[in-house]
Amino acid sequence: MNKEGITKNTDIRQSGRSTRLIDDYVQELFNNGIIKVYDHHNTPLAHRFLFDNVLRRLSIEHPHLKLEVDRGENKIELIK
């Protein structure tokens with residue numbers, strides 16, 4: 001934040017933690033065939049955000065996959 005109290009884009013730094021979590025969950029899905037997605041902030045909103053981002057990543061990078069999705073349980077399963 002500068003002296004006028006304005007935050008510039010260069011002042012905002014993201015840790016990349018969500019991106020690493022998404023990468024880990026995608027890898028776990030391919031290794032185990034099923035995942036339950038939970039965020040490190042441990043709030044329902046954070047869990048939903050991460051869950052939706054995992055689904056988005058899968059739909060973009062692996063559109064051919066058949067998945068069973070249970071939003072209530074934050075669960076994604078590969079259908080063979």
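In this predicted model, helix H1 is followed by Gly-33, a residue with a positive phi near 85°. The helix itself runs over residues 17-32, 16 residues in total. At 1.5 Å a residue, a span of 22 Å is expected for H1, and its end C-alpha atoms are indeed 22 Å apart, so the two values agree.

The buried residues of H1 are Leu-21, Ile-22, Tyr-25, Val-26 and Leu-29. They lie on the same side of the helix, because the arc they cover around the axis is only 135°. The spacing follows a general rule: an α-helix has 3.6 residues a turn, so residues three or four places apart point the same way. On the face of H1 turned away from this buried side are the exposed residues Asp-24 and Asn-31.

What do the buried residues of H1 pack against? Their partners are strand E1 (34-36), helix H2 (44-61), strand E2 (67-70) and strand E3.

Strand E3 covers residues 75-78 and includes Lys-75. The relative accessibility of Lys-75 is 23%, and buried means under 20% while exposed means over 50%, so Lys-75 counts as partly exposed. Lys-75 and Lys-36 are 39 residues apart along the chain, yet their C-alpha atoms are separated by 4.4 Å. Lys-36 also appears among the contacts of Lys-75 once neighbours within four places in sequence are left aside. The other residues in contact with Lys-75 on that basis are Ile-34, Ile-35, Phe-51, Glu-68, Val-69 and Asp-70.

Methods: Residues numbered from 1 in each chain as written. Predicted model: local features only at pLDDT ≥ 70, side-chain atom pairs only at ≥ 80, totals over all residues. Heavy atoms only, no water. Helix = DSSP H or I, 4+ residues; strand = E, 2+ residues; numbered from the N terminus. Buried < 20%, exposed > 50% of the residue type's maximum accessible area, 1.4 Å probe, protein only. Contact = heavy atoms within 4.5 Å. Expected span 1.5 Å × (residues − 1). Arc of directions from axis to C-beta.
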